[in-house]
Amino acid sequence: MSDSKPASPQPPMLTVALDLPSAQVLADQASIVQDLQFVVECCKRLLTELDIPEEDRDPVVPQALWSAALASYTRCFSKGKRFGLGPGDITSLPLEGEVVTFHKWVAGQRTKLTTHPADPFEAAKVGAALALPGRGERRVEGIAILTTSRVLVDDTGVRQLGALAAALARQTAERAQEQQDTVLEEAQQLDLDRLYRQPPLSSARPLANLPTLPQQPAKA
């Protein structure tokens, strides 16, 4: 029987914040990858929900997953306080089909979810419930309100969004890896005394591995 002892766990590294323009770019890329990972996970869960017969499905779940996926995806292209992705990031993807058209459609769906419709009849239809012909006096017996579903997508659209988000996440992660090397080179030129005087980061963690989704070209 071997008397060797397991290796002692390595002590955690001391990590301090870097206030560098290159670090800001890297942080932006990392947050974009995180958003895109979330989109992929939402799409995977949504595909499972769409496999459930509609009469047995909780309508709140697919609507929540689809809404969350659209919000996280389009946030990656917002300019706000971060750099965000742009049209060039879409056209540079190795995907077949009308990828740009599909991307614009996704953005439009996100707008529909967050904007109150100018025409109320887009969200609901109001009708008059009439007495059936030939069954007594013709008259209006009541009012019917028919609301429309906000999840106007099938499994094909979900797969396309998942594949598009996964491709963008991989592309952004590759750029983040290159940017990380740049940040490291710049950090190694900083004053060590100043770095060691900074408070440690308490929640530093590496970028997670990208989740996978069955590959399918994004088409309109």
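Start by selecting Arg 75 and Asp 35: the two form a salt bridge, and their closest N and O atoms sit 2.9 Å apart. Keep in mind as you go that this is a predicted model. Now colour the helices around that pair. Arg 75 belongs to helix H2 (residues 60-75) and Asp 35 to helix H1 (residues 21-50), so the bridge ties together parts that are 40 residues apart in sequence. If you want to hunt for others, a search of the whole structure turns up four salt bridges.

Next stop, a helix pair. Select residues 99-114, which is helix H4, and residues 155-187, which is helix H5; they pack at an angle of about 105 degrees, with 11 Å between their axes. Because angles of 65 to 115 degrees count as roughly perpendicular, H4 is roughly perpendicular to H5.

Zoom in on where they touch and show side chains. From H4 come Val 99, Phe 102, His 103 and Val 106, while H5 brings Gly 157, Gln 160, Leu 161 and Leu 164. Sorted by class, this H4 and H5 contact holds five nonpolar residues, three polar ones and no charged ones.

Finally, switch to a surface view. Which residues make the nonpolar surface patch of about 650 Å²? Pick Phe 121, Val 126, Leu 130, Val 140, Ile 143 and Ile 145 and you have it. Turn the cartoon back on: strand S1 (124-130) and strand S2 (140-147) are the elements giving two or more residues to the nonpolar patch. S2 gives the most, with three residues. For a last click, try Val 140, which lies in strand S2.

Note on methods: Residues numbered from 1 in each chain as written. Predicted model: local features only at pLDDT ≥ 70, side-chain atom pairs only at ≥ 80, totals over all residues. Heavy atoms only, no water. Axes fitted to C-alpha atoms, helices over the stretch in contact; angles between N-to-C directions. Helix = DSSP H or I, 4+ residues; strand = E, 2+ residues; numbered from the N terminus. Parallel < 35°, antiparallel > 145°, perpendicular 65-115°, else oblique. Contact = heavy atoms within 4.5 Å. Nonpolar A, V, L, I, M, F, W, Y, C, P; charged D, E, K, R; others polar. Patch = residues over 30% accessible without salt bridge, like charges linked within 9 Å, V, L, I, M, F, W, Y side chains within 5 Å. Areas by Shrake-Rupley, 256 points an atom, 1.4 Å probe, with all protein chains shown as cover. Salt bridge = Lys/Arg side-chain N within 4 Å of Asp/Glu carboxyl O.
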